[in-house]
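Colleague: I would like a close look at a single part of this model, set in the context of the chain around it. Please take your time over the answer.

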Amino acid sequence: MDWLLHAGDDPAHKLLLMLIAIVLFVVLMGIILFVVDRPRNPSRWFVGFGFTGAALLLLLLGLVYPAIRTIINSFMNRNSTEFVGLDNYIQTFTEQRFLIVLGNTALWVLVAPLVATFLGLVYAYLVDKSRFEAVAKGLVFLPMAISMVGASIIWKFVYEFKPAGVNQTGLLNQFIVWLGGEPQQFLLSRPLNTFLIMVVFIWIQAGFAMTLLSASIKAIPDDIVEAARLDGVSGFGMFWRITIPSIRPALVVVLTTIAMTTLKTFDIVRTMTAGQFNTSIVALEFYDQRFRQNEAGLSAALAVLLFVIVVPVIIYNVRQQRLSEDVR
Amino acid sequence: MSTVEAATPAPEVPRRTSSLNNRARKARKALSNPWASTLAVVIAILWTLPTVGLLITSFRPELDIRQSGWWTVFGSAFAGEGVFSLKNYETALFDGSTNLAVFFVNSFVVTLPAVFIPITLALLAAYGFAWVDFKGADFLFIAVFALQIVPIQITLVPLLSAYVDLGINGSFWTIWLSHSIFALPLAIFLLHNFMKEIPRSLIEAARMDGAGHVQVFFRVVLPLLTPALAAFAIFQFLWVWNDLLVALVMGDLKTFPLTVRVAELAGSRGGDWHVLSAGAFISMVVPLIVFLSLQRYFVRGLLAGSVKG
């Protein structure tokens with residue numbers, strides 16, 4: 001039994017387990033479909049749950065139940081043995097340490113999506129229909145394939161610090177030295193460090209914004225653009241008065257999607273500073289409270305908080321989409 | 001657009017060329033503003049330079065990395081002094097203290113089932129919601145759709161406790177299971193959207209011919225859905241391969257994938273850029289290859305799933 005459960009250090013054993021898992025799964029699905037297909041005149045219920053049952057069961061046990069459990073735990077003490085009411089939430093909203101975390105999170109959610117969307121939009125507009133469009137877009141798009149851990153390492157190297165007088169190895173400090181300044185330890189001082197960590201996230205997400213917005217820029221009917229041109233609109237006026245209003249629904253989707261991703265992202269801050277130097281955000285604090293401080297209650301409250309912040313963003317998103325569908 | 005033009009009959013050829021000219025003029029116009037093109041080039045360089053810097057660094061000797069910036073290699077290469085080697089990669093992969101080769105295997109073992117299982121489950125579920133037409137299908141589908149907004153952070157800890165209670169924690173099984181669960185809402189939603197695009201008449205015709213739902217699923221729906229499957233498979237592949245949170249929470253030293261190990265190195269050996277740079281690229285190479293070769297499908301999936309939560 002243990003052989004099936006844990007592979008230990010042997011790579012062959014791991015690969016074998018992987019194959020076994022896939023085969024087991026295929027067999028299981030095969031049995032379900034075989035049973036569904038068996039009766040001559042099956043009821044729709046039977047077939048419907050044959051197809052959807054496995055997924056629904058997993059979602060119920062693996063998503064709905066744990067989420068409810070976490071909500072309950074957020075009202076319990078640090079080992080989830082005693083009911084403590086709103087204590088965890090009160091602590092989150094009063095203690096200086098957590099206020100910094102909340103402030104950083106607010107900064108992230110407000111700034112990162114806006115900048116990423118703005119850069120993606122400007123870039124999509126600039127390279128649209130140019131000769132190098134495919135290559136130019138590919139360059140900005142590529143970071144999307146990279147893990148946030150990898151991206152953080154790439155940027156940490158850009159921010160690398162060597163004392164003055166020694167050769168700089170970080171690109172940013174080298175630029176400062178070339179311009180005659182003193183090299184800086186960028187990741188140590190707040191709030192600059194939070195913005196510099198955000199750069200990593202923006203660097204990844206701008207490609208996403210660019211792709212979606214580029215597609216909707218291309219969907220603007222030619223006659224609208226042509227009519228505006230005949231009216232003498234050009235350059236910046238075209239961008240501001242024609243492009244932006246035409247792609248408004250896509251802009252909302254992109255902004256809200258990135259905002260939601262921002263809230264859940266913890267890899268970047270963890271890799272860059274591990275939350276030191278006042279850079280922590282809710283998603284990382286959740287992890288630290290649970291797995292480093294063993295504060296189950298606080299960590300649950302932070303997770304619930306994440307969820308609560310996401311909800312208005314989503315409601316806004318859905319509403320805007322309804323609106324734009326009505327217009328169509 | 002271009003297909004419409006290509007289909008226009010012969011007499012209209014002059015008009016077609018003029019519209020081509022028109023488009024060429026527009027194309028020139030788009031980047032004719034020197035400020036606009038400068039801005040575009042600056043953004044492109046800013047987006048590329050950091051990666052190029054670390055890539056070059058990963059091939060430089062340890063001492064050089066400590067003593068000079070990567071941009072100096074162009075000068076020294078010109079003077080015939082530059083030394084490049086694969087030594088950093090060798091160290092990162094096989095040195096006892098880093099051992100990334102082992103974690104590479106883990107990444108692979110984690111990813112394959114964590115892509116295959118949720119896609120299969122979601123395919124079946126999406127078909128059930130889209131075409132079986134059972135009572136409650138709409139309600140259940142909306143419920144699944146709504147589950148997209150649940151951040152995985154809120155589910156992780158109780159899920160882990162459940163695994164501990166069952167005695168299966170710290171194995172690959174829990175990681176596969178967790179990734180499969182977390183992928184389902186988006187996967188079902190996306191594949192359902194693609195599935196709804198199949199004409200109803202096609203499904204009904206097959207049903208009329210006496211095909212059961214299982215046959216319709218395999219013979220009619222599945223072949224038509226290959227591009228959508230590719231799109232979601234890339235999504236899920238990138239998500240799982242690049243994931244840190246689930247791997248960290250659900251796994252242990254025997255199952256950690258590359259991301260966990262590389263992140264750990266960034267913390268414990270933050271100054272050892274020869275190992276870090278090579279390690280970062282070892283963790284990136286597979287997703288980059290997948291991404292570059294299947295970018296088309298990825299973009300399509302992105303555009304279809306942009307309502308994602």
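Where in chain A is the place of P191(A)?

Modeller: This is a predicted model, and what follows should be read with that in mind. P191(A) sits in the loop of chain A between α8 (171–178) and α9 (192–218). The peptide bond that leads into P191(A) from R190(A) is cis, its omega being near 0°. Most peptide bonds are trans, and most residues other than glycine have a negative phi.

Two further loops of chain A deserve a look alongside this one, for their backbone angles. K129(A) belongs to the loop between α5 (96–127) and α6 (133–141), and its phi is near 65°, a positive value in a residue that is not glycine. K129(A) counts as partly exposed because 16 C-beta neighbours lie inside 10 Å, a number between the limits of 12 or fewer for exposed and 20 or more for buried. N278(A), in the loop between α13 (267–272) and α14 (282–291) of chain A, likewise is not a glycine and has a positive phi, of about 60°. With 17 C-beta neighbours inside 10 Å, N278(A) is also classed as partly exposed.

Turning to the chain that holds these loops, chain A has 15 helices and 0 strands. Its radius of gyration is 25 Å, well over the 20 Å that the globule rule gives for 328 residues, so chain A is more spread out than a compact globule. Along the principal axes, the C-alpha atoms of chain A fill a box of roughly 70 × 55 × 50 Å. Of the 328 residues in chain A, 44% are buried, and among contacts between residues at least 6 apart in sequence, 64% join residues at least 24 apart.

The domain assignment divides chain A into domain 1 (2–85) and domain 2 (89–327), and the centres of these two domains, taken over C-alpha atoms, are separated by 34 Å. Where the domains of chain A meet, 10 residues of domain 1 are in contact with 8 residues of domain 2; the domain 1 side of that contact is made up of 3 nonpolar, 6 polar and 1 charged residues.

The UniProt record, an unreviewed entry, can be laid over this picture. Its annotation "domain: ABC transmembrane type-1" covers residues 102–317 of chain A, a span that is 73% helix and 0% strand in the model, with its end C-alpha atoms 23 Å apart. The same record lists several stretches of chain A as "transmembrane region", among them residues 15–36, 195–217 and 238–260. In the model, residues 15–36 of chain A are 100% helix and 0% strand, and the end C-alpha atoms of that stretch are 32 Å apart. Residues 238–260 of chain A are 96% helix and 0% strand, with 30 Å between the end C-alpha atoms.

Finally, there is the contact between the chains, to which chain B gives 90 residues and chain A gives 89 residues. On the side of chain B that touches chain A, the largest share, 15 residues, comes from helix α7 (residues 100–132) of chain B. That side of chain B divides into 63 nonpolar, 22 polar and 5 charged residues.

Terms used. Residues numbered from 1 in each chain as written. Chains lettered and ligands numbered in written order. Predicted model: local features only at pLDDT ≥ 70, side-chain atom pairs only at ≥ 80, totals over all residues. Helix = DSSP H or I, 4+ residues; strand = E, 2+ residues; numbered from the N terminus. Domains from an automatic or database assignment. Contact = placed C-beta atoms within 7 Å. Nonpolar A, V, L, I, M, F, W, Y, C, P; charged D, E, K, R; others polar. UniProt positions renumbered as here; feature names shortened; annotations may be inferred. Rg over C-alpha atoms; globule rule 2.2 N^0.38 Å.
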